[in-house]
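Visitor: I am new to this structure and would like to learn how to read it. Could you walk me through a few features?

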Number of protein chains: 2
Amino acid sequence: MITDLTHTLKNGITIWPGSPTPSFNQINNISKDGFAQIAINMCTHMGTHIDAPAHILANTKTLDQFPLNKFIGPAIVLDVSKMTSISLEFLKAKEQVINKVDFVLFYSGWQHKWNSPAYSEAFPSLTQEATTWLLNFNLKALGFDYFSIDDLESKELPNHRLVLAKELLIIENMNNLDKMLGKEFELNCIPMKIKDADGAPVRVFGRTY
Amino acid sequence: MITDLTHTLKNGITIWPGSPTPSFNQINNISKDGFAQIAINMCTHMGTHIDAPAHILANTKTLDQFPLNKFIGPAIVLDVSKMTSISLEFLKAKEQVINKVDFVLFYSGWQHKWNSPAYSEAFPSLTQEATTWLLNFNLKALGFDYFSIDDLESKELPNHRLVLAKELLIIENMNNLDKMLGKEFELNCIPMKIKDADGAPVRVFGRTY
């Protein structure tokens, strides 16, 4: 069973405030040209995507420098939909399951606000203490159904810096995380293969066997 | 073991003659903006990508209308690197293995010519007779390490029309197919999730267990 954890790319999707507007416009059609084709204009950090260390930290790895097994492995989704922030205490209670996986994903419910102004409301982000504690595990990435591992207003991006410095990747703007609550599954988040990618769109999915 | 079967997207990649030039340019950098970001400008049929029926045939399915299991399954690579075309006779000798898989991929050696003018030399394409015979199987897609399932000069695109009418997808411009010769493996070709996608770039990979 395969579950798509990706938002659809199309005109009008939610973007990080101030980013250039993406477009997905048909430039060829069958009646005029004999074939249909869409021109994709977007940035590496739009839609469901992964942040590489090189997104924020100079002289660190881009996505294309990681082996593909960095992007596949066991995953869990934690329900943070009733919280205003994700505390160390909450995570410690989940230590046993975190120990068994490569990917920890956080379901806040923001996925349901995608493509609406409410997506920019304050979401339950990790405290720095909680983020630091997650570095004790041998995780491959953290994933969220919202914009950022840091608060929306953050300029210093402390959580980004903490995790990316350890080559722990960040998956942002995920979808359908509620469908994977309470399940043991394999996550696959192999991103678009772009040279020197500071980040890249990804078609991420969960797989149960 | 995971094997990447995808070409890297970057400035200067090989494109179908006459297509608009794609670009992958850094528009934000860490020293100026505090973060790095690349603007992706490309079309749905560039790089390693999948053709949907709607690429050529009016009122047929786009990629986003297929369930994800359309894009995963057992695969084989056939070696056509010594041929000028792929005949029915050649395929019939492989009937037993074709019967066992969802994906038949063709290694011509053109992958080594990617990003050089030689990529536009005549490649070993399927005869219409061979293409028609492949429709007898319950395949999900055919894949090639070159531009097209039709001859480069073809205007009528008969092979495209034959397979897409049966919702047999086409994966073009694959890479590393030689690494999978003689292997039984699982192919994964879940494409970018673009609304109404007549085609889409894909990070395709092979997996052995």
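Guide: Gladly! Please keep in mind that this is a predicted model. Let us begin where the chains meet: 38 residues from chain B and 38 residues from chain A take part in the contact.

Visitor: Which elements give two or more residues to the side of chain B that touches chain A?

Guide: Those are β1 (2-4) and β3 (37-43) of chain B. The most comes from β3(B), which gives 7 residues to the side of chain B that touches chain A.

Visitor: How do the residues on that side of chain B divide into nonpolar, polar and charged?

Guide: On the side of chain B that touches chain A, 23 residues are nonpolar, 8 are polar and 7 are charged.

Visitor: In what sense do strand β3 of chain A and β3(B) pair?

Guide: Strand β3 of chain A, residues 37-43, pairs with β3(B) in the antiparallel sense, over 5 bridges. To find your place in this pairing, look at A:Ala39, which stands opposite B:Cys43 in β3(B).

Visitor: Now to a single residue. Is A:Leu187 buried or exposed?

Guide: One way to decide is to count neighbours: a residue is buried if 20 or more other C-beta atoms lie within 10 Å of its own. A:Leu187 has 27 C-beta neighbours inside 10 Å, so A:Leu187 counts as buried. You will find A:Leu187 in strand β11 of chain A, residues 185-188.

Visitor: Which residues is A:Leu187 in contact with, leaving aside its neighbours within four places in sequence?

Guide: With those neighbours left aside, the contacts of A:Leu187 are A:Gly73, A:Ala75, A:Phe103, A:Val204 and A:Gly206. You can also compare positions along the chain with positions in space: A:Leu187 and A:Ile76 are 111 residues apart along the chain, and their C-alpha atoms are separated by 8.7 Å.

Visitor: What about backbone angles? What is the phi of B:Leu157?

Guide: B:Leu157 has a positive phi of about 50°, although B:Leu157 is not a glycine. Look for B:Leu157 in the loop between β9 (141-144) and α5 (158-165) of chain B. With 18 other C-beta atoms within 10 Å, B:Leu157 is partly exposed.

Visitor: And where is B:Asp196 found?

Guide: B:Asp196 sits in the loop between β11 (185-188) and β12 (199-201) of chain B. B:Asp196 is not a glycine, yet its phi is positive, at about 55°. B:Asp196 counts as partly exposed because it has 16 C-beta neighbours inside 10 Å.

Note on methods:
Residues are numbered from 1 along each chain as its sequence is written. Chains are lettered from A and ligands numbered from 1 in the order in which they are written. This is a predicted model: local features need pLDDT of at least 70, side-chain atom pairs count only at pLDDT 80 or more; totals for chains, interfaces and linings use all residues. Helices (H or I, at least four residues) and strands (E, at least two) are DSSP runs, numbered from the N terminus. A residue is buried if 20 or more other C-beta atoms lie within 10 Å of its own, exposed if 12 or fewer, and partly exposed in between; C-beta atoms are placed from the backbone. Two residues are in contact if their C-beta atoms, placed from the backbone, lie within 7 Å. Ala, Val, Leu, Ile, Met, Phe, Trp, Tyr, Cys and Pro count as nonpolar, Asp, Glu, Lys and Arg as charged, and the others, Gly among them, as polar. Two strands pair if DSSP finds at least two bridges between them.
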